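Subject: Two-chain model for your review

Hello,

Here is the structure I said I would pass on. My notes follow below it; please read them with the coordinates open.

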Amino acid sequence: MSDAVPDQIYFEDIEVGDSIPELEKNPTSQQLVQWAAGSGDFYQIHYDTSYAQDTGLDDIIVHGALKHAFLGELLWRFAGPEGQVKRVQCSYRGMDPAAQGRESAQEKKFTLRGTVTRKYTEGERNIVELNIEGVRADGSVSTPGQGVVVLPSRG
Amino acid sequence: MADQQFESVITDEMKALIGVKGPETVSELTTTSVRMFARSVGYVDPAFYDEAVAQERGFRSLPAPPGYLGTPIYNPADSDPTFGGRRGGGGFRSPYPLVLNGGTDIEYTGEQICAGDTLTSATALASLNERWSGALGVPMLIQVSETTYTNQNGKVVAISRGTGISYPAPGG
């Protein structure tokens with residue numbers, strides 16, 4: 001996959017207000033089960049529809065921590081191979097469904113976006129702060145947050 | 001619009017737990033556990049899968065993807081089957097049975113976190129609040145827990161703040 005490691009971006013190339021490259025995810029029930037094993041979170045509301053409905057939910061939902069990890073990947077890709085992710089913060093403001101059965105994963109598209117809000121140097125570290133968000137297929141934001149990365153300098 | 005009235009479930013005993021660190025949990029990162037986590041997020045960066053690539057990029061071994069702070073070491077004989085190992089705000093237990101995740105905030109100190117590391121963590125309850133959920137029609141208890149992760153060399157590698165939302169069964 002050609003974009004497995006995005007090209008390195010440098011501190012000097014970033015301006016406040018810049019949007020960073022988006023990341024699109026298509027969570028499916030299969031991915032939620034994979035995440036349960038990867039993260040160790042086996043709460044049934046993420047893979048058992050009747051259990052989820054007994055707790056008042058309409059259906060199974062994407063794990064909050066998986067949405068956090070998606071935002072982490074957005075920042076990892078932005079920071080590039082020479083950068084560093086310093087902070088990933090988000091609030092889970094709403095439930096996000098996962099594609100099930102014959103549903104197209106595209107219908108449950110979840111897009112990660114970010115915008116640079118501040119850049120500064122602290123000691124020898126070039127720090128970039130961002131507003132980040134997870135956006136549903138209908139355009140509503142379920143997962144707003146903030147991120148901080150350290151970028152390399154061209155200097 | 002006035003909030004729906006409801007009875008507080010926060011007791012003095014609960015408030016007394018704020019700031020008190022709970023027992024330590026030991027978590028490990030292995031090459032397999034890093035790869036499993038990375039796959040489950042959907043990473044295709046070879047640094048998470050190929051140790052030679054990770055080392056070329058300056059990591060000691062496969063790096064932990066953001067959000068991965070190890071897998072707790074536990075025996076199911078004495079653990080929670082849902083989350084494994086110990087979880088939550090120290091000794092705090094919500095009186096409500098159902099739980100949602102309200103938010104996650106992880107700050108990294110800059111120390112590498114890689115396969116082969118062992119992280120020791122301890123959690124303290126940071127705050128307790130209540131509000132009415134219009135969506136579910138029930139009161140909600142909102143707890144923020146702060147967990148500090150220290151590596152095998154005694155260095156703090158990350159501080160995580162988790163917001164837990166617990167609530168009674170709707171209509172129950």
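Of the 172 residues in chain B, 35% are buried. This is a predicted model, with an ipTM of 0.95 and a pTM of 0.91. Chain B has a mean pLDDT of 90, and 94% of its residues reach 70 or more. As usual, where pLDDT is low, the predicted coordinates should not be read in detail.

Chain B overall

Three helices and six strands make up the secondary structure of chain B. Their order along the sequence is α-β-α-α-β-β-β-β-β. The C-alpha trace of chain B spans about 60 × 35 × 30 Å along its principal axes. Of the contacts in chain B with a separation of 6 or more, 72% are between residues 24 or more positions apart.

The sheet

Strands from both chains take part in an open sheet of eleven strands, with antiparallel pairing. The order is 1(A)-3(A)-4(A)-5(A)-2(A)-3(B)-6(B)-5(B)-4(B)-1(B)-2(B). Its edge strands are strand 1 (23-25) of chain A and strand 2 (71-72) of chain B, each of which pairs on one side only.

Starting from the chain A edge, strand 1 of chain A pairs with strand 3 (residues 110-122) of chain A in the antiparallel sense, over three bridges. Within that pairing, Glu24(A) has Thr111(A) as its bridge partner in strand 3 of chain A. Strand 3 of chain A is in turn joined to strand 4 of chain A by eleven bridges, and these two strands also run antiparallel. Here Lys119(A) has Val128(A), in strand 4 of chain A, as its bridge partner. The hairpin formed by strands 3 and 4 of chain A has two residues between the strands, and Gly123(A) takes a positive phi near 65° there.

The sheet passes from one chain to the other at strand 2 of chain A and strand 3 of chain B. Strand 2 of chain A and strand 3 (residues 98-108) of chain B run antiparallel and are joined by five bridges. Cys90(A) stands opposite Thr104(B), a residue of strand 3 of chain B.

The contact between the chains

Between the two chains, 35 residues of chain A are in contact with 32 residues of chain B. On the chain A side, the elements giving two or more residues are helix 1 (29-39), helix 3 (64-79) and strand 2 (84-91). Helix 3 of chain A provides the largest share of that side, nine residues. By residue type, the chain A side divides into 17 nonpolar, 13 polar and five charged.

Helix 3 of chain A

What does helix 3 of chain A lie across? In chain A, strand 1, strand 2, strand 3, strand 4 (125-135) and strand 5 (141-151) are crossed by this helix, together with strand 3 of chain B. Helix 3 of chain A runs at about 145° to strand 2 of chain A. The helix is mostly covered, with 16 of its 16 residues buried. Its length also agrees with expectation, because 16 residues at 1.5 Å a residue should span 22 Å, and the end C-alpha atoms are 23 Å apart. Helix 3 of chain A is followed by Gly80(A), which has a positive phi near 75°.

Two glycines in chain B

Gly67(B) is in the loop between helix 3 (51-56) and strand 2 of chain B. Gly67(B) counts as buried because there are 23 C-beta neighbours inside 10 Å. Leaving aside neighbours within four places in sequence, Gly67(B) is in contact with Ala65(A), His68(A), Ala69(A), Gly72(A), Val88(A) and Ile106(B). Gly67(B) and Asp105(B) are 38 residues apart along the chain, with their C-alpha atoms separated by 9.2 Å.

Gly22(B) is placed in the loop between helix 1 (12-16) and strand 1 (25-28) of chain B. Is Gly22(B) buried or exposed? Gly22(B) counts as buried, because there are 20 C-beta neighbours inside 10 Å, and a residue needs 20 or more to be classed that way. Gly22(B) lies 18 residues from Gln4(B) in sequence, and their C-alpha atoms are 34 Å apart in space.

Regards

Conventions
Residues numbered from 1 in each chain as written. Chains lettered and ligands numbered in written order. Predicted model: local features only at pLDDT ≥ 70, side-chain atom pairs only at ≥ 80, totals over all residues. Contact = placed C-beta atoms within 7 Å. Helix = DSSP H or I, 4+ residues; strand = E, 2+ residues; numbered from the N terminus. Nonpolar A, V, L, I, M, F, W, Y, C, P; charged D, E, K, R; others polar. Pairing = 2+ DSSP bridges. Expected span 1.5 Å × (residues − 1). Buried ≥ 20, exposed ≤ 12 C-beta atoms within 10 Å, placed from the backbone. Axes fitted to C-alpha atoms, helices over the stretch in contact; angles between N-to-C directions. pLDDT = per-residue confidence, 0-100.
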